[in-house]
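Visitor: I should like to understand the reasoning behind the terms used for this model. Please show me the structure, and then let us take the terms one at a time.

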Amino acid sequence: MRRPIGLLSALSVLKKGSAGKAKMSAGGSLKGVVRIASGDSGNSVVGGSLNFFEDQSTGFTHVSGKITGLSPGLHGLHIHSFGDTTNGCNSTGPHFNPFKKLHGAPDDVERHAGDLGNVTADEHGLRATFSLIFYPSCNVESLDYILTSICLSTGVANVSLKDLQIPLSGPNSILGRALVVHADPDDLGRGGHELSKSTGNAGARIGCGIIGLQSAA
Ligand SMILES: [Cu+2]
Ligand SMILES: [Zn+2]
C-alpha cells in the first residue's frame, strides 16, 4: 500500500481483462497448480507444489503451498515466460514481463508481472552432512586424503501470497508459463548488481514447474 497509484493502475489493467474473463467462465472459479521439480544444478533436491486461485471478484490470484528441499533462508520466486522445461529450468526464459518493465518487488510500480519476491525456507527436518574420505594411496607414509562434504538441504518454505498481476485468464494469463525458485535471495532490484534490474541477481534456477489449469471443482 506504499504506492496506491501503482496498485490502482495495476488494478485497472486487470479490470480491462476481466470483461472477457467473465464471458469465459461466468460465475466459476479458476484454479491452477504447479508441481515443482529440481533444476539441473548439481545437488538440487527441490520439490513441492503450489496452488493458484483467481478470485474473479477482486482480481487477486492467491498462491499457496509448500516448496521443499531448500537451504534455509530467502529464495527468489518468479513466474518465467515459457512453460518449457526441455532444458531443465534454464529453458523457461526470462521473468514474465508483459508490460515491459524493469525487475522489482511485488509491491513496486516498476516490476515484472512475474516478480513474486522471496520465499523463506525454514530449517525443518534434517540437514545432513556426509563426509567422504578417499585414500588415493594405501601407503601409510603418505596418507593423502580428500574430504568432501555434501549437505542435503531440507528447508521448507510455506508460500501464501496474493497478487494482481498473475491472472489465470485473459491476455496476461500465467497458465502454461513456469514458476521458478532460485538458489539465492532476490534483491528486488535494489542490490546495485548488474543483474538487479533484470533478475534480482537471484542465482541458479534450482526448481521449477509448469503452471497448469486445475479442476475448479
Ligand atoms: Cu526467476
Ligand atoms: Zn523480474
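Visitor: How do you know that β3 and strand β4 (residues 61–70) are paired, and in which sense do they run?

Guide: This is a predicted model, and the pairing is read from its bridges. Two strands pair if at least two bridges are found between them; eight bridges join β3 to β4, so the two are called paired, and they run antiparallel. One of the bridge partners is Ser64 in β4, which is matched with Asn51.

Visitor: What lies between β3 and β4 in the hairpin that they form?

Guide: Six residues lie between the two strands, and in the turn Gly59 has a positive phi of about 85°.

Visitor: What makes strand β1 (residues 30–35) a partner of β3?

Guide: The criterion is again at least two bridges. β1 and β3 share six bridges in the antiparallel sense, and therefore count as a pair. Within β3, Leu50 stands opposite Val34.

Visitor: Which residues of β3 form its covered face, and which its uncovered one?

Guide: In β3 (residues 47–54), Gly48, Leu50, Phe52 and Glu54 make up the covered face, whereas Gly47, Ser49, Asn51 and Phe53 make up the uncovered one.

Visitor: Why is Leu188 called buried or exposed?

Guide: A residue is buried if 20 or more other C-beta atoms lie within 10 Å of its own. Leu188 has 21 within that distance, and is therefore buried. Leu188 is located in the loop between β11 (178–182) and β12 (205–210). Its phi is positive, about 60°, although Leu188 is not a glycine.

Visitor: Lys100 also has a positive phi in a residue other than glycine. Why does Lys100 count as buried or exposed?

Guide: The limit for an exposed residue is 12 or fewer such neighbours. Lys100 has 6 C-beta neighbours inside 10 Å, so Lys100 is classed as exposed. The phi of Lys100 is near 55°, and the residue sits in the loop between β6 (86–89) and β7 (115–121).

Visitor: What share of the chain is buried?

Guide: Of the 217 residues in the chain, 35% are buried. The secondary structure comprises one helix and 13 strands.

Visitor: What is the confidence in the chain, as given by its mean pLDDT?

Guide: The mean pLDDT is 82, and 71% of the residues reach 70 or more. Over residues 1–27, however, the pLDDT is below 50, and this stretch has 23 contacts in the model beyond near neighbours in sequence. Where pLDDT is low, predicted coordinates should not be read in detail.

Key:
Residues numbered from 1 in each chain as written. Chains lettered and ligands numbered in written order. Predicted model: local features only at pLDDT ≥ 70, side-chain atom pairs only at ≥ 80, totals over all residues. Helix = DSSP H or I, 4+ residues; strand = E, 2+ residues; numbered from the N terminus. pLDDT = per-residue confidence, 0-100. Contact = placed C-beta atoms within 7 Å.
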